[in-house]
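Hi,

Here is the model I promised to pass on. Have a look at it first, and my notes follow underneath.

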There are 2 protein chains.
Amino acid sequence: MAATIKDVARLAGVSQSSVSRALAAPDQVRPATRERVERAVAQLGYEPNRIARGLSTGRTGTIGFLVPDIANPLFAGIVKAAQRRSREFGLAVLLADSDEEPATELDLIRTLTKQVDGFVLCAPRAGDDELRSVCGDLPVVLLNRRVGQLPSIIFDNADGIRQALAHLAALGHRRVAYVAGPRTSWVNRERLRAFRAVAAGLGLEGVEAGNVSPDFEGGVAVADLVLAAGVTAVIAYNDMIGLGLASRFGARGVTAPGDVSIIGFDDIPASALVTPALTTVSQPKDQCGRAGIDLLADLLNDRDRPSGTRTSLPARLIVRASTGPAPATVR
Amino acid sequence: MAATIKDVARLAGVSQSSVSRALAAPDQVRPATRERVERAVAQLGYEPNRIARGLSTGRTGTIGFLVPDIANPLFAGIVKAAQRRSREFGLAVLLADSDEEPATELDLIRTLTKQVDGFVLCAPRAGDDELRSVCGDLPVVLLNRRVGQLPSIIFDNADGIRQALAHLAALGHRRVAYVAGPRTSWVNRERLRAFRAVAAGLGLEGVEAGNVSPDFEGGVAVADLVLAAGVTAVIAYNDMIGLGLASRFGARGVTAPGDVSIIGFDDIPASALVTPALTTVSQPKDQCGRAGIDLLADLLNDRDRPSGTRTSLPARLIVRASTGPAPATVR
DNA sequence: TTGAAAGCGGTACCAT
DNA sequence: ATGGTACCGCTTTCAA
């Protein structure tokens with residue numbers, strides 16, 4: 001049996017309260033008392049029970065972190081950074097993986113809501129209202145999504161699209177496709193909107209394909225449609241779709257960047273390893289995870305940042321071999 | 001404020017005890033009572049506070065899950081499966097990422113130990129004794145590692161090596177290298193041991209290189225050494241090393257599978273996407289994560305499996321383009 | 001500065 | 001079958 005505060009109190013010859021104080025507010029007890037307590041603590045190897053503390057303080061020292069798919073390198077990277085930062089705050093992370101299911105997202109939040117002090121949510125699928133209501137008044141930080149005035153951290157999707165399109169325009173491309181990801185995804189909608197606006201602004205013809213599932217198979221499935229649209233370049237919702245496109249293109253004898261240029265989003269490891277390597281819009285995963293925890297920690301400490309804090313993280317185009325000059329004649 | 005059991009009791013016009021029973025052991029209360037409780041529960045949107053429950057039962061409904069690197073697709077896959085299974089048991093998962101640091105592994109376990117009912121540990125680096133002592137008598141399931149009599153789930157490393165070597169031998173390779181991963185890794189030691197034994201058994205010359213860090217750079221760094229050893233095939237500790245090898249080989253004008261065959265471990269997504277695709281020993285991530293939770297759940301329910309349960313998961317060789325017949329003459 | 005005691009929200013034992 | 005109540009380990013008034 002682990003030692004409790006009572007054991008410490010008895011051994012130190014003081015009351016529970018004093019032990020509690022000695023630990024939480026050392027300057028509220030006489031040095032002599034503090035020392036006796038400290039000795040007893042050391043001798044018993046006492047560590048406060050966070051559960052019990054949680055019951056009386058209403059705080060658990062644990063935060064919930066929800067992602068749609070931990071096997072997706074983007075989220076894995078974000079979670080990893082968040083983990084590291086949480087440790088510095090002494091917070092534990094309750095991970096939840098919603099498998100990209102809107103219903104599961106809400107479910108998970110609901111069941112976890114009682115055991116955490118707050119949430120960092122990457123929940124692209126659930127509806128706005130459900131999301132807001134399910135969180136109650138628990139501190140919440142949204143990742144990669146905007147809902148009402150909730151504090152959020154997002155990648156600059158519009159700027160990512162802008163960089164990608166500018167790159168393609170400079171290479172002489174005039175007709176460009178965007179392969180959309182899940183229709184319900186907030187991020188997808190943002191990118192699509194930016195695609196339309198920026199393409200128009202640059203005087204490019206924008207073609208839209210999709211929606212497809214955000215994976216390799218999704219890219220493969222839509223590749224022939226993209227080809228039939230007669231574009232010389234395509235921007236995919238994410239890298240996995242981009243890789244699927246490249247694969248199917250290759251099977252059809254269409255090669256990047258000679259016949260068609262391809263750009264993805266996320267900069268997953270595989271993008272740098274394939275041939276040709278995939279040009280991609282990289283998002284700072286580390287910063288994102290870290291900033292998410294920082295923001296939530298502030299919220300937890302009532303060190304209120306102005307309601308509706310919206311951090312925007314820079315997107316960065318990484319040019320690799322999959323993009324090149326537009327072919328002289330369209331296939 | 002969320003509703004408590006008292007609110008439910010008052011609304012239903014029964015005692016706390018009855019509410020508690022109606023929820024935990026429905027057949028111990030009269031149907032009429034149960035219904036009144038259920039209605040009150042529904043009306044108030046009551047959900048039991050797991051923290052409070054934990055305090056009196058001594059169980060939290062939460063388990064700790066430790067991995068060396070959540071950004072590694074192998075662990076991401078395992079965690080994902082574990083997550084899903086945990087949900088079915090109504091268990092929450094406290095994730096911990098040790099960043100491959102032995103000290104962090106132990107640290108994390110120590111701080112989490114009070115808030116969880118048990119652990120699933122993938123802690124390849126920490127020492128045996130520290131590991132055992134830090135867990136105290138908390139139920140623990142070890143992944144991919146064996147320490148004393150602790151219940152464990154491991155991939156059949158020896159058989160994976162055997163399949164890989166048999167494949168290479170059948171292709172006519174006579175001199176084969178093994179590129180070792182981290183020296184302190186239990187898995188690495190197992191594979192190295194198997195490599196020696198099986199190579200000898202098959203009459204192959206075994207060459208050992210390494211130890212290198214288990215990533216792309218590690219593979220690149222050791223590639224020239226491997227080449228200098230005059231082997232026609234190489235088995236890497238994991239896929240990322242294998243991909244690094246292939247990359248550096250390519251830069252030297254040495255191509256797979258023509259000049260040298262390459263086999264990795266783990267079947268990460270990138271392995272299937274690169275050219276040539278990497279032959280790899282696949283480990284059933286889903287089964288592993290699932291089995292880990294199943295085993296731990298049994299332990300938690302005192303449904304004791306015989307102490308020292310050791311589940312072994314089958315390895316499976318996935319032959320892709322990176323392995324082929326041995327060249328007629330060594331470079 | 002210290003100690004006693006009342007909770008925090010449940011569970012489970014003991015009566016009834 | 002139900003209600004009363006002690007208790008889980010800790011925090012936090014309130015008095016002393």
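Keep in mind that this is a predicted model. I'll start with the DNA, since that is where I spent my time.

A polar side-chain atom of B:Ser56 sits 2.9 Å from a sugar or linking oxygen of DNA strand C. On the other chain, A:Arg30 uses a backbone N or O atom, which lies 2.9 Å from a phosphate oxygen of the strand. The bases get a contact too: an N or O atom in the side chain of B:Arg21 is 3.4 Å from a base nitrogen of DNA strand C.

Zooming out, 26 residues surround DNA strand C, with A:Ser18, A:Arg21, A:Thr33, B:Ile5 and B:Ser20 the closest. By type, that surface splits into 12 polar, nine nonpolar and five charged residues. Helices H2 (16–24) and H4 (50–57) of chain A and helices H2 (16–24) and H4 (50–57) of chain B each supply at least two residues to it. H4(B) gives the most, with five. Seen from the DNA side, 56% of the strand C atoms within 4 Å of the protein belong to sugar or phosphate, and the rest to bases.

Then there is the sheet in chain A. Six strands make an open, mixed sheet in the order E7-E6-E8-E9-E10-E12. E7 (205–209) and E12 (316–318) are at the edges with a single partner strand each, so one side of each has no neighbour in the sheet. Neighbouring strands are turned by 20 degrees against each other on average, direction ignored. E9(A) and E10(A) run parallel and are joined by three bridges; A:Ile263 has A:Thr279 as its bridge partner in E10(A).

Cheers

Conventions: Residues are numbered from 1 along each chain as its sequence is written. Chains are lettered from A and ligands numbered from 1 in the order in which they are written. This is a predicted model: local features need pLDDT of at least 70, side-chain atom pairs count only at pLDDT 80 or more; totals for chains, interfaces and linings use all residues. Side-chain values use heavy atoms; hydrogens and water are left out. A residue is near a molecule or strand if one of its heavy atoms lies within 4 Å of it. A polar contact is a pair of N or O atoms within 3.5 Å; within protein, one must be able to donate a hydrogen and the other to accept it, and residues adjacent in sequence count only if both atoms are side-chain atoms. Helices (H or I, at least four residues) and strands (E, at least two) are DSSP runs, numbered from the N terminus. Ala, Val, Leu, Ile, Met, Phe, Trp, Tyr, Cys and Pro count as nonpolar, Asp, Glu, Lys and Arg as charged, and the others, Gly among them, as polar. Two strands pair if DSSP finds at least two bridges between them. Axes are lines fitted to C-alpha atoms, for helices over the stretch in contact, and angles run from 0 to 180 degrees between N-to-C directions.
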